[in-house]
Amino acid sequence: MHYFDYAATTPLREEAASVYVSVSQQQFGNTTSLHDAGGAAQNILSHSRQNLSALLGVRPEGIYFTSGGTESNILALLSLAESAKKKGQHIILSAAEHPSLHSAAAYLERQGFFVTFIPFTTKGFIDLLALENAITEQTTVVSVQHCNPEIGTIQPIRSISELVKPKGIYLHSDCVQSFGKLSVRAISPYVDSLSISSHKVHGPKGVGAVYIDPHIRAVPLFPGATQEKGFRGGTMNVPGIAAFVTAAELANSNEVKYATLRSLFIDILSTQQDVFTFYGGLQTSDQLPQIIGLCAKHSEGQLIMLELNRRGFAISTGSACQVGQQQSSMTMTAMNIPAHLAKGFIRISFGETSTSENVTQLAKALLEVAVLTPTVQIPIDIL
């Protein structure tokens with residue numbers, strides 16, 4: 001199987017697996033225990049927090065380890081909203097935020113907050129004018145994903161910060177897709193909180209982190225917890241955290257490699273320009289090269305994915321957290337792409353096993369599936 005779904009998840013790096021096993025066997029104590037075994041685990045936890053803070057360019061006391069990107073996003077949005085509740089109860093999100101943030105926003109609406117969703121431009125970037133017009137005196141939090149997971153556009157976080165921060169509005173950025181591929185240090189000074197996840201950078205699943213500026217009062221979702229300074233509950237997953245940070249330190253963006261593969265893939269499909277529509281930024285500074293989002297006309301994205309899977313290629317039809325829902329991708333909706341066109345959306349995402357040879361094979365297979373057999377039926381053997 002040729003794997004082209006790295007934006008969904010990545011295999012565990014050997015070095016991270018080795019650290020996980022070692023810490024599980026040697027520093028297995030509970031970090032809240034006062035004996036030496038607990039102290040050894042606490043030392044690993046503290047060391048991991050320091051190392052991660054250096055990677056992010058933030059203060060270590062603002063980092064809270066979580067179960068992953070979903071929990072990190074939810075904790076960030078709810079905490080910031082509750083912290084600024086006395087000022088106002090208006091929250092703004094980009095329309096293409098991760099489902100976890102839409103879920104947290106829906107919860108806040110039930111608590112009396114008002115939520116505004118800002119659309120994307122046709123190029124896949126947040127509409128800054130619409131964002132500016134949506135801000136009111138009651139606005140307290142804005143959340144904009146650093147890098148879109150479906151088409152790979154890099155949002156102008158610094159420009160957004162310059163728009164909202166002078167108004168005393170908190171800015172959260174979901175950096176789950178960008179961490180390990182882009183320099184999060186470049187945007188961390190401009191946000192009040194950010195979220196990251198382990199399994200996107202070849203670390204173990206079930207681990208993540210959220211950063212909240214220490215100057216902001218971090219409000220816990222459930223009171224009475226003792227872990228992570230009372231911010232969340234649960235025994236600390238020290239082996240997973242150590243493995244996560246190990247994988248993050250070894251992450252390599254490989255921008256030149258992925259830019260080359262991207263150009264190769266698009267050039268092959270460009271022979272059928274009337275069939276494929278590519279989405280994303282035109283400038284390299286605006287686009288994560290690992291992710292290619294495209295629509296195939298007169299084809300169903302899910303059928304293309306299944307047929308390519310039968311031929312030995314793993315791709316996706318969008319964010320893994322949305323797959324299975326009978327609706328257009330969140331990004332396509334945010335860009336106001338008509339449903340009959342959006343149904344042909346697929347995502348290709350490169351990683352360490354991607355080469356010019358298997359990218360060429362994938363492109364040729366996609367041409368056969370989408371061009372030669374656009375009404376392909378689902379094979380019986382994969383139902």
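Colleague: Happy to look at this with you! In which order do the three strands of the open sheet stand?

Modeller: Keep in mind that this is a predicted model. The open sheet has three strands with antiparallel pairing, and the twist averages 30 degrees from one strand to the next. Strand S9 (276-279) and strand S12 (345-349) are the edge strands, each pairing on one side only. The order is therefore S9-S10-S12.

Colleague: Which residue in S12 stands opposite Gly293?

Modeller: Let's go to strand S10, residues 291-296, which runs antiparallel to S12. Five bridges join S10 to S12. Opposite Gly293 in S12 stands Arg347.

Colleague: Now for strand S8: how many of its residues are buried?

Modeller: In a regular strand the side chains alternate between the two faces of the sheet. Here Gly208, Val210 and Ile212 point one way from S8, while Ala209 and Tyr211 point the other way. Residues on both sides are buried. That makes S8 mostly covered, with the buried count at five of five.

Colleague: What is the bridge partner of Leu194 in S8?

Modeller: S8 pairs with S2 in the antiparallel sense over four bridges, and there Phe65 stands opposite Ala209. S8 also pairs with S7, again antiparallel, over five bridges. For Leu194, the bridge partner in S8 is Tyr211.

Colleague: Which element gives the largest share of the largest nonpolar core?

Modeller: In soluble globular proteins, nonpolar side chains tend to be buried together. The largest nonpolar core here has 52 residues, and Leu52 and Phe65 have the most contacts inside it. Among the elements giving two or more residues to this core are helix H2 (36-56), strand S2 (63-66), strand S8 (208-212) and helix H7 (238-250). The largest share, six residues, comes from H7.

Colleague: How many residues are in the other core?

Modeller: Let's start from Phe65, whose contacts beyond four places in sequence include Leu45, Leu52, Ala209, Ile241 and Phe244. Apart from the largest core lies another, and Tyr258, Val275, Ile304 and Phe350 are among its members. Its residue count is 26.

Colleague: One last thing: how much space lies in the largest cavity?

Modeller: Rolling a probe the size of a water molecule over the atoms shows where empty space is left. The count comes to two cavities of 30 Å³ or more. The largest cavity is lined by 18 residues, with Gly180, Lys181, His202, Asn252 and Tyr258 nearest its centre. The space in the largest cavity is about 210 Å³.

How values were computed: Residues are numbered from 1 along each chain as its sequence is written. This is a predicted model: local features need pLDDT of at least 70, side-chain atom pairs count only at pLDDT 80 or more; totals for chains, interfaces and linings use all residues. Side-chain values use heavy atoms; hydrogens and water are left out. Two strands pair if DSSP finds at least two bridges between them. Axes are lines fitted to C-alpha atoms, for helices over the stretch in contact, and angles run from 0 to 180 degrees between N-to-C directions. A nonpolar core is a set of buried Ala, Val, Leu, Ile, Met, Phe, Trp, Tyr and Cys residues joined through side-chain atoms within 4.5 Å. Buried means under 20% relative accessible area, exposed over 50%, partly exposed in between (1.4 Å probe, protein chains only). Contact means heavy atoms within 4.5 Å. On a 1 Å grid over the protein atoms alone, a cavity is a set of points where a 1.4 Å probe fits but cannot get out, and a pocket is an open set with protein on both sides within 12 Å along at least five of seven lines; lining residues have an atom within 4 Å of a point. Grid points are joined across faces, edges and corners, and a volume is the space filled by probe spheres set on the points.
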